[in-house]
Amino acid sequence: MRFACCTEEIEISGIRKCFESAMPGSVNLGLGQPDFDTPSHIKRAAIRAIEMGQCGYTPNCGVPALREALAEKLVRENQIDCTADDIMVTSGASEALFLAIAALVDRGEEVLVGDPSFLSYAELTRLVGARPVSVPLDENLRITPEAIEERITKKTRMIIINSPSNPTGSVQTEEQMRAIAEIADDEDIALLSDEVYEHFIYRGEHVSPARFSDNVITVNAVSKTYAMTGWRLGYLAARNESIEQHLKIHQYVQACASSISQAAALEAVCGPQDCVRQMRDEFMSRRDLLVAGFRDMGVELAEPDGAFYLFPHVGDGDLVAGKLARAGVITVPGSAFGQRGREHIRISYAASRADLEEALRRMKDIL
């Protein structure tokens, strides 16, 4: 069987490879999802939806009440001027990312992505026949406007920004976000902003670039914020004329997001938010535990400002990740996120404190 060249060029996720190599009894610090249970009030909303028979297709762009709630959230929390007509509900942020890239980027064009950055950005770009262009990060592991400007060509069609960042945990400043949005406007380049970790910030503040420009597609989800990764419920926000173009792809790829997940998401967004603050505080405590442990071992790392990842500098990340795996600690080599990450490993602290303490004990002799 002959496969499309775009498919042949895509690599199996480096994160998945790490999972498959895990030995029994390993401490898994490679998983990028909260280890908390979905809050009970959200689960009850899903149960009610099932019992009321809300089990059919929904409108392609999502249940109107959820789109309205998401628009109100973006206005209130992100200072983005939008309405329900500017919202599309998707099957996770992953679908939203694909829709944005597929709708806006043509074969042979270029997409600027941080190096290192979340591995899906480059692979989704290749999937549509375009070319990802690496943008090196600064000493604080952030993308600078200057680095972006240096790499813009006539073929550049999109810039992807992720703050807080996976895998580095860095948070872009307001000045950087404003400047990047202005570059996108000046160059008529789309700006795709992945904001799924927005509520897990320990220093600084979350700034949505759509505050400064209409030329932005904002992608988010309930997955990380409410410990709902398996519910597969994300969304994108853009001007209504842009939503119409995304819909052309969404209606054939997915039709609509799960009706039950949408009912749960509506409760998540509109219900009590104490659970989010509790998770954030616990993640910060775990971050501090790991940072102190690595510094005691003399490991070089930038203290993350957000998300739930550490990205320590370890030399040969592939070699060290392999040694750690044999010692019973699963991490992800930094090369999975780009060539400039090859001297790092990514560690997720979305794991129990007991697991983190055991991992530090096992890592001591290797790091």
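Accessible area here comes from the Shrake-Rupley method with a 1.4 Å probe. On that basis, the protein chain of this predicted model exposes about 15,900 Å², with carbon and sulfur atoms supplying 48% of it.

As for what sits inside, 56% of the 367 residues count as buried. The overall dimensions fit a globule: with 367 residues, a compact one would have a radius of gyration near 21 Å, and the 20 Å of this chain agrees with that. Laid along its principal axes, the C-alpha trace spans about 55 × 55 × 50 Å.

The chain has 13 helices and 12 strands. Take the contacts between residues at least 6 apart in sequence, and 76% of them turn out to join residues at least 24 apart.

On to charge. There are 38 positive and 54 negative charges, and the mean positions of the two sets are 5 Å apart.

Now the cysteines. A disulfide needs two cysteine sulfur atoms within 2.5 Å, and by that rule the count is 0. Two of the cysteines look like this:

| Cysteine | Closest cysteine sulfur | Relative accessible area |
|---|---|---|
| Cys 55 | Cys 256, 12 Å | 51%, exposed |
| Cys 256 | Cys 61, 11 Å | 10%, buried |

Why does Cys 55 form no bond with Cys 256? Their sulfurs are 12 Å apart, which is too far. Cys 256 in turn has the sulfur of Cys 61 as its closest, but at 11 Å that is too far for a bond as well. Buried or exposed, then? Cys 55 is exposed at 51%, whereas Cys 256 counts as buried at 10%.

How values were computed
Residues are numbered from 1 along each chain as its sequence is written. This is a predicted model: local features need pLDDT of at least 70, side-chain atom pairs count only at pLDDT 80 or more; totals for chains, interfaces and linings use all residues. Side-chain values use heavy atoms; hydrogens and water are left out. Helices (H or I, at least four residues) and strands (E, at least two) are DSSP runs, numbered from the N terminus. The radius of gyration is taken over C-alpha atoms; the globule rule is 2.2 Å times the number of residues to the power 0.38. Buried means under 20% relative accessible area, exposed over 50%, partly exposed in between (1.4 Å probe, protein chains only). Contact means heavy atoms within 4.5 Å. Lys and Arg count as positive and Asp and Glu as negative; His and the chain ends are not counted. The place of a charge is taken as NZ of Lys, CZ of Arg, CG of Asp or CD of Glu.
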